[in-house]
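Please look over the sequence and the model before reading on. The paragraphs below go through confidence and then strand pairing.

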Amino acid sequence: NSIEHSFTITVQDMQAPSLICPANISVGTDTGICGAQVPYTLPIAIDNCAATVPVENSDAAQVPGSLFPVGTTTVQLNATDAAGNTGACSFAITVIDDEAPTITCPSDTAVSTEPGACGAHLDYALPIASDPCDGSVPVVAINSTPAPGSLFPTGTTAVQYHATDAAGNSSTCSFSVTVTDG
């Protein structure tokens, strides 16, 4: 006597792919941009049922070589195998504003003394400073820089200005005013 039974064994893939993200990345800003294009290498995802599984970014704006803004951005990478199991990892890209503002001073100026004075009043345009991240940046006179419209004494006076952006990066510019007796 014999009895036959049949049954079905279903093996399910319940294991998510494994992937290891790159280490955290820290870079300075690209010149003239409030951010940086950051390349990185996508990891390879290993799966128990397939040799490799494609890795994708959860945000299409964060692919390798994308422009990342100043600050810290978390990049989330995912890999989904044929059974629908998803493995994930993340890492941080930090972009630091390390670019000093640009500051432009007026050109050197030469003038003659005013009648009856031992100097000359000179009106000049205040320097202009700008920064890729902060836009217009305020300028500050250094030491005893005479303000526009001040009386400049006979001789040469150095005029210096300083600008500092929100990240603490700074630049200076200078020009000279020469007053001759004549």
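What follows takes the confidence of the model and then two sheets in turn.

This is a predicted model, in which local features need a pLDDT of at least 70 and side-chain atom pairs count only at pLDDT 80 or more, while totals for chains, interfaces and linings use all residues. Residues are numbered from 1 along each chain as its sequence is written, and side-chain values use heavy atoms, with hydrogens and water left out.

The pLDDT is the predictor's confidence in each residue, from 0 to 100. Its average over the chain is 93, and 100% of the residues score at least 70. Strands are DSSP runs (E, at least two residues), numbered from the N terminus. Among the elements of the chain, the highest mean pLDDT, 98, belongs to strand 1 (residues 25–28), and the lowest, 91, to strand 3 (residues 55–57).

Two strands count as paired if DSSP finds at least two bridges between them. One open sheet has four strands in the order 1-6-5-3, with mixed pairing. Strand 1 and strand 3 are its edge strands, each pairing on one side only. From one strand to the next, the twist averages 30°, with axes taken as lines fitted to C-alpha atoms and angles running from 0 to 180 degrees between N-to-C directions. Four bridges link strand 1 to strand 6 (residues 86–96) in the parallel sense. Here V27 lies opposite V95 in strand 6.

Another open sheet of four strands has the order 8-15-14-12, again with mixed pairing. Its edge strands, each paired on one side only, are strand 8 (109–112) and strand 12 (139–141). Neighbouring strands in this sheet are turned against each other by 25° on average, direction ignored. Strand 14 (residues 155–164) and strand 15 (residues 170–180) run antiparallel and are joined by ten bridges. T157 has V177 in strand 15 as its bridge partner.
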